[in-house]
Amino acid sequence: MKQVIYQQLAERKEAGKKSFTVLIDPDKVDNASIEQLVSLSVDAKVDYFFLGGSLVISSHLDECIQQIKAACDIPVILFPGSPSQVSKYADALLYLSLISGRNPELLIGQHVISAPFVKKSGLEIMPTGYMVVDGGAPTTVSYISNATPIPADKNEIAMCTAMAGEMLGMKLIYMDAGSGAKRPITENMIEKVARHIEIPLIIGGGITDPEKAYRNCKAGADVIVIGNAIEKDVSLIKEMSAAIHSSSMVQQNG
């Protein structure tokens, strides 16, 4: 199976180019809001769309992806909260293993159930070590997963968890403070993890302003994911994109 998007992510990391991803929850959008999101994202040169959520109770996942694909060339990557959140219309899928928790169902159990369906989908599959970090508020993912997040000040635990994920063969590490987190992941933790892994590092949760996005990139994040803040104010897309992409230029020039 071709690894087109993963190869692109790896090459961007190697070149010091930072990526901006807009996270879309199908439960929270309609045709009009998708149209607006896509238009603003194209103008702002957004790199990727992540599509998914912890629940996804709506039934228009396929339609949502098809509308995005018809309107732009930005790759759509599934960020599934459960094995049912798979669509053949996407470009790739983050095959998430919750390596920060101790719930066997989310480490391997659900993967066993979903494997035939995922394989049949023809999607590009990207094995992802998913790490939930305490963002100061209970999150849907913590509740659903029945797993304790990594404490916000335990940088060594985060570092060792990410290292273990990489050595187990994960192709990406995704550190998430959760949707609507009161506090985002610290730059100290990002820097600690980034210095000890070689695979792309994705950071999300609680990033509400361009300055924080920029600092996360400087600390070592390769991909910044923003969803909740954009749901509240879509005009943030342009500023966030400018901040994230400007950090690439500073790093390359530096």
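Is aspartate 25 buried or exposed? In this predicted model, aspartate 25 comes out as buried, because its relative accessible area is 14% and the cut-off for buried is under 20%. As for where that puts the residue in the fold, aspartate 25 sits in the loop that runs between strand S1 (19-24) and helix H2 (31-43). Its side chain has a partner close by in sequence: it reaches the backbone nitrogen of aspartate 27 at 2.9 Å. The position also turns up in the record, since an unreviewed UniProt entry carries the annotation "binding site" for Asp25 and Ser54.

Moving on from that loop, the chain enters H2, and asparagine 31 belongs to this helix. Unlike the buried aspartate 25, asparagine 31 is exposed, with a relative accessible area of 56%. Its C-alpha atom is separated by 9.2 Å from that of glutamate 63, a residue 32 places away along the chain.

Asparagine 31 also has a part in how H2 meets helix H3 (residues 61-71). The general way to describe such a pair is by the angle between the two helix axes and the distance between them. For H2 and H3, the angle is about 35° and the axes are 10 Å apart. The crossing of H2 past H3 is right-handed. On the H2 side the contact is made by Asn31, Ile34, Glu35 and Val38, and on the H3 side by Cys64, Gln67, Ile68 and Ala71.

What about H3 itself: which of its residues are buried? These are Leu61, Cys64, Ile65 and Ile68. Looking down the axis of H3, the buried residues fall within an arc of 95°, so they line one face of the helix. The face turned away from that buried side carries the exposed residues Ala70 and Ala71. As for the cover over the buried residues of H3, it includes S1 and H2, along with strand S2 (48-51) and strand S3 (76-78). Two of the buried residues, Cys64 and Ile68, are also among the H3 residues that make the contact with H2.

Further along the chain there is another helix pair to look at. The axes of helix H6 (residues 155-167) and helix H7 (residues 187-194) come within 8 Å and cross at roughly 35°. H6 passes H7 in a right-handed crossing. Here Asn155, Glu156, Ala158, Met159 and Ala162 of H6 meet Asn188, Met189, Lys192 and Val193 of H7.

Some of those helix residues come back in the surroundings of methionine 175, a residue of strand S6 (residues 172-176). Methionine 175 counts as buried because its relative accessibility is 0%. Setting aside residues up to four places away in sequence, methionine 175 touches Ala158, Met189 and Val193, and its other contacts are Met131, Val133, Ile185, Leu201, Ile202, Ile203 and Gly204.

And how does serine 179 compare, buried or exposed? Serine 179 lies in the loop between S6 and H7, and it is exposed, with a relative accessible area of 53%. Beyond its neighbours within four places in sequence, serine 179 is in contact with Thr139 and Asn228. Both methionine 175 and serine 179 carry a "binding site" annotation in the unreviewed UniProt entry, which also lists Tyr174, Asp176, Ala177, Gly178, Gly180, Gly205, Gly206, Gly227 and Asn228 under that feature. Asn228 thus appears in the annotation as well as among the contacts of serine 179.

Note on methods. Residues are numbered from 1 along each chain as its sequence is written. This is a predicted model: local features need pLDDT of at least 70, side-chain atom pairs count only at pLDDT 80 or more; totals for chains, interfaces and linings use all residues. Side-chain values use heavy atoms; hydrogens and water are left out. UniProt positions are given in the numbering used here, feature names are shortened, and annotations may be inferred rather than shown by experiment. Helices (H or I, at least four residues) and strands (E, at least two) are DSSP runs, numbered from the N terminus. Buried means under 20% relative accessible area, exposed over 50%, partly exposed in between (1.4 Å probe, protein chains only). A polar contact is a pair of N or O atoms within 3.5 Å; within protein, one must be able to donate a hydrogen and the other to accept it, and residues adjacent in sequence count only if both atoms are side-chain atoms. The arc is that of the directions from the helix axis to the C-beta atoms. Contact means heavy atoms within 4.5 Å. Axes are lines fitted to C-alpha atoms, for helices over the stretch in contact, and angles run from 0 to 180 degrees between N-to-C directions. A crossing is left-handed if the near helix is turned anticlockwise from the far one by less than a right angle, and right-handed if clockwise.
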